[in-house]
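Welcome! Have a look at the structure below, then try the exercises at your own pace.

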Amino acid sequence: DAAPGETVTYRLTVTLGEGTQRVIVTDTLPAGISFESAKVVGIGATITGSALAVDAAPTALLGGSFSFDFGTVTNAGDNDVDAGDRIEIEVVGRIANTATAGATLTNTATVETFAPGGGKPGLGSDTADASVDVVRPDLVIVKEAVPTAAGDAGNLVTYTLKLSHAPGSTGPRCRAAGGEATAACQTSSLGLGDHQVQVWHS
């Protein structure tokens with residue numbers, strides 16, 4: 001889950017077959033998530049000839065759609081599928097302030113392999129999705145004083161601030177695994193000179 005304004009990080013992992021091929025990875029962020037950054041974070045040890053190195057940015061970017069063209073690469077044959085066969089890309093997006101609470105935003109990534117060089121038709125392709133649910137906290141705060149009547153000079157006054165979710169709020173609650181609020185979750189106290197402020201939240 002993510003709230004408007006928060007960032008979401010995606011990790012794209014592409015596993016290449018053995019042999020020589022041109023590789024292009026395309027990612028399309030959904031409406032409701034804006035592009036922040038994207039870069040190559042890993043290229044397997046058995047993959048050579050890549051036009052992009054670790055930390056490389058997208059080779060094409062248009063709105064929320066971008067791609068990485070690795071050019072013609074060779075994945076050496078070792079009859080094994082492991083980390084050496086993988087290309088990894090990290091993508092960061094930001095949930096729009098206008099995103100609707102309860103909406104599910106789906107990011108779609110595609111890898112295509114072509115014959116060496118600029119050749120076509122494609123040797124193969126694959127697509128993967130990842131989704132995030134939008135939450136939007138709607139908070140209510142109430143302040144109470146004890147005692148409520150006017151006190152004498154020097155008396156201690158305790159203020160309690162109650163912070164809770166309004167009906168319909170989709171923000172995360174402060175709850176233990178069993179559904180009950182823990183003592184540490186319920187209250188915390190702040191000493192302010194001769195005043196004590198207690199904060200209660202749920």
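Three short exercises on this predicted model follow, each with a worked solution.

**Exercise 1.** Work out which helices and strands the protein chain has, and in what order they come.

*Solution.* Start with the count: the protein chain holds one helix and 13 strands. Next, follow the sequence from its start, and the pattern reads β-β-β-β-β-β-β-β-β-β-β-α-β-β.

**Exercise 2.** Find the largest nonpolar core and the elements that supply it.

*Solution.* Begin with the whole chain: of its 202 residues, 28% are buried. Then turn to the largest nonpolar core, which has 29 residues. Val25, Phe68, Phe70, Ile89, Val91, Ile95 and Val132 touch the most other members. Two or more residues of this core come from each of β1 (7-15), β2 (19-28), β3 (33-43), β6 (65-75), β7 (86-95) and β8 (104-114). Finally, zoom in on Ile95: beyond its neighbours within four places in sequence, its contacts include Ala2, Val8, Ile33, Leu105 and Val132. Across the protein chain, residues 24 or more positions apart account for 69% of the contacts with a separation of 6 or more.

**Exercise 3.** Decide whether Leu139 is buried, partly exposed or exposed, and say what it forms on the surface.

*Solution.* First locate Leu139: it lies in strand β10 (residues 139-146). Its relative accessible area is 47%. Buried means under 20% and exposed means over 50%, so Leu139 counts as partly exposed. Last, look at its partners: Leu139, Ile141 and Leu163 form a nonpolar surface patch, together offering about 270 Å² of accessible area. For the protein chain, the accessible surface is about 11,300 Å², with 52% belonging to carbon and sulfur atoms.

Definitions and conventions: Residues numbered from 1 in each chain as written. Predicted model: local features only at pLDDT ≥ 70, side-chain atom pairs only at ≥ 80, totals over all residues. Heavy atoms only, no water. Patch = residues over 30% accessible without salt bridge, like charges linked within 9 Å, V, L, I, M, F, W, Y side chains within 5 Å. Areas by Shrake-Rupley, 256 points an atom, 1.4 Å probe, with all protein chains shown as cover. Salt bridge = Lys/Arg side-chain N within 4 Å of Asp/Glu carboxyl O. Helix = DSSP H or I, 4+ residues; strand = E, 2+ residues; numbered from the N terminus. Buried < 20%, exposed > 50% of the residue type's maximum accessible area, 1.4 Å probe, protein only. Contact = heavy atoms within 4.5 Å. Core = buried A, V, L, I, M, F, W, Y, C linked by side-chain atoms within 4.5 Å.
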